[in-house]
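Please work through the exercises below with the sequence and the model open side by side. Each task is followed by a solution that goes step by step.

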Amino acid sequence: MKKEDFAPHTRYTITWRDPAGKLRPANIYPYCLYDKFMVARRTDQGGALGKFAYDDIIRIVRTTPVSAENRFVIPDAILSESNWADRTSMERYSSSPHMGK
């Protein structure tokens with residue numbers, strides 16, 4: 001897949017190749033897209049943030065846009081590309097102001 005196949009603040013169900021090389025289903029919520037990878041929340045497994053290389057994503061199964069009032073918010077400093085240079089995951093809580101959290 002390519003960067004152009006994804007958009008921030010959209011829910012995706014994907015098939016991706018995990019670090020062990022196995023194909024796995026995943027539900028993700030991308031926050032930001034960089035040239036070689038995206039930073040996305042795994043909405044199906046505890047909500048950890050993860051670094052997903054576009055080359056590891058085999059196909060998009062479903063796409064669901066998220067309205068502006070229901071978007072999750074994380075500070076830009078945490079999502080910066082330099083912060084993810086040597087990291088593959090991060091536990092970070094985020095919420096939507098619309099949800100009252």
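The exercises that follow treat the strands of the sheet and then the aromatic rings.

The model is predicted, so local features need pLDDT of at least 70 and side-chain atom pairs count only at pLDDT 80 or more, while totals for chains, interfaces and linings use all residues. Residues are numbered from 1 along each chain as its sequence is written, and side-chain values use heavy atoms, with hydrogens and water left out.

**Exercise 1.** Determine the order of the strands in the open sheet, and identify the edge strands.

*Solution.* Strands are DSSP runs of E with at least two residues, numbered from the N terminus, and two of them pair if DSSP finds at least two bridges between them. In general, strands of a sheet pair through backbone hydrogen bonds, either parallel or antiparallel. Here the open sheet has 6 strands in the order S5-S1-S2-S3-S4-S6, and the pairing is antiparallel. The edge strands are S5 (57–65) and S6 (89–90), each of which pairs on one side only.

**Exercise 2.** Follow the bridges that S1, S3 and S4 make, and name a residue pair for each pairing.

*Solution.* Begin with S1 (residues 10–17), which pairs with S5 in the antiparallel sense over 7 bridges; isoleucine 14 stands opposite isoleucine 60 in S5. Next, S3 (residues 37–42) and S4 (residues 49–53) run antiparallel and are joined by 5 bridges, with lysine 51 in S4 as the bridge partner of valine 39. The hairpin of S3 and S4 has 6 residues between the strands, and glycine 46 takes a positive phi near 75° in this hairpin. Finally, S4 pairs with S6 in the antiparallel sense over 2 bridges, and leucine 49 stands opposite methionine 90 in S6.

**Exercise 3.** Classify the ring pair of phenylalanine 6 and tyrosine 12, and state whether these residues are buried or exposed.

*Solution.* Rings of Phe, Tyr and Trp (its six-membered ring) pair if their centres lie within 6.5 Å; planes under 30 degrees apart count as stacked, over 60 as edge-to-face and the rest as tilted. A search of the whole structure finds 6 aromatic pairs. Among them, phenylalanine 6 and tyrosine 12 lie 5.1 Å centre to centre with 70° between the planes, an edge-to-face pair. Both residues are buried, a term for under 20% relative accessible area, with exposed meaning over 50% and partly exposed in between (1.4 Å probe, protein chains only). Ring pairs link Phe6, Tyr12 and Tyr54 into a cluster.

Note on methods: Helix = DSSP H or I, 4+ residues; strand = E, 2+ residues; numbered from the N terminus.
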